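Hi,

Here is the structure I promised to pass on. Have a look at it first, and my notes on what turned up follow underneath.

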Amino acid sequence: MRDSAAVALGNLGNASPQVVEALLGLLKDESESVRDSAAVALGNLGNASPQVVEALLGLLKDETDIVRNSAASALGKLGKNSSNVCYCYCRRMDFTTPGFRICRQWN
């Protein structure tokens, strides 16, 4: 149910502070599907605030692949709106990580 709420918030297209705060809270949920849905929703909203970027960068270290991939994808979407996102993303990545190749395309 919480993952559906995250999807619904992302589909609203409203990046109000209340929506963003709710999604940021869901990034810390115990359920990987909720964290995944919240990351996707934040990427879809396009809010590249430092708080959102830092929270998504933190998810790059999540224990599950799906959450890490969704965080990376969200950061990629936000990177179109923020020149700092790709730089921060690349700094935190292990150069052997396959996703690094995607980031290098932006540099």
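To start with one residue: is K77 buried, partly exposed or exposed? K77 is partly exposed, because its relative accessible area is 37% (buried means under 20%, exposed over 50% and partly exposed in between, with a 1.4 Å probe and protein chains only). K77 sits in helix α5. If you skip its neighbours within four places in sequence, K77 is in contact with G43 and N44, where contact means heavy atoms within 4.5 Å. The C-alpha atoms of K77 and V40 are separated by 9.6 Å, with their positions 37 residues apart along the chain.

Before you go further, please keep in mind that this is a predicted model, in which local features need pLDDT of at least 70 and side-chain atom pairs count only at pLDDT 80 or more, while totals for chains, interfaces and linings use all residues. Residues are numbered from 1 along each chain as its sequence is written, and side-chain values use heavy atoms, with hydrogens and water left out.

The overall picture

The chain has 7 helices and 0 strands, so by sequence the pattern reads α-α-α-α-α-α-α (helices are DSSP runs of H or I with at least four residues, strands are runs of E with at least two, and numbering goes from the N terminus). Of the 107 residues in the chain, 44% are buried. Take the contacts between residues at least 6 apart in sequence: 55% of them join residues at least 24 apart. About 6100 Å² of the chain is exposed, and carbon and sulfur atoms supply 51% of that (areas come from the Shrake-Rupley method with a 1.4 Å probe, and for residues only the protein chains shown count as cover).

Helix α2 and its partner α3

Which residues of α2 are buried? They are V19, V20, L23, L24 and L26. These residues lie on the same side of α2, because they cover an arc of only 160° around the axis (the arc is that of the directions from the helix axis to the C-beta atoms). P17 and Q18, on the other side of α2, are exposed. The buried residues of α2 pack against α1 (2-12), α3 and α4.

The axes of α2 (residues 17-26) and α3 (residues 32-45) come within 8 Å and cross at roughly 145°. Axes here are lines fitted to C-alpha atoms, for helices over the stretch in contact, and angles run from 0 to 180 degrees between N-to-C directions. The crossing of α2 and α3 is left-handed, meaning that the near helix is turned anticlockwise from the far one by less than a right angle (clockwise would be right-handed). On the α2 side the contact uses V19, V20, L23, L24 and L26, and on the α3 side V34, R35, A38, A41, L42 and L45. By class, the residues of this contact come to 10 nonpolar, no polar and 1 charged (Ala, Val, Leu, Ile, Met, Phe, Trp, Tyr, Cys and Pro count as nonpolar, Asp, Glu, Lys and Arg as charged, and the others, Gly among them, as polar).

Just ahead of that helix, N14 is in the loop between α1 and α2. N14 is partly exposed, at a relative accessible area of 38%. Apart from neighbours within four places in sequence, N14 is in contact with V19 and L45.

Helix α4 and its partner α5

In α4 (residues 50-59), the buried residues include V52, V53, L56, L57 and L59. Their arc around the axis is only 155°, which puts them on the same side of α4. α4 packs with α5 (residues 65-79) at an angle of about 145°, the axes being 8 Å apart, and this crossing is left-handed. V52, V53, L56, L57 and L59 of α4 meet V67, R68, A71, A74, L75 and L78 of α5. That contact has 10 nonpolar, no polar and 1 charged residues.

A55 is also in α4, and is partly exposed with a relative accessible area of 27%. Beyond its neighbours within four places in sequence, A55 is in contact with L24 and L27.

Finally, S70 in α5 is buried, with a relative accessible area of 10%. Not counting residues up to four places away in sequence, S70 touches D36, A39 and V40.

Cheers
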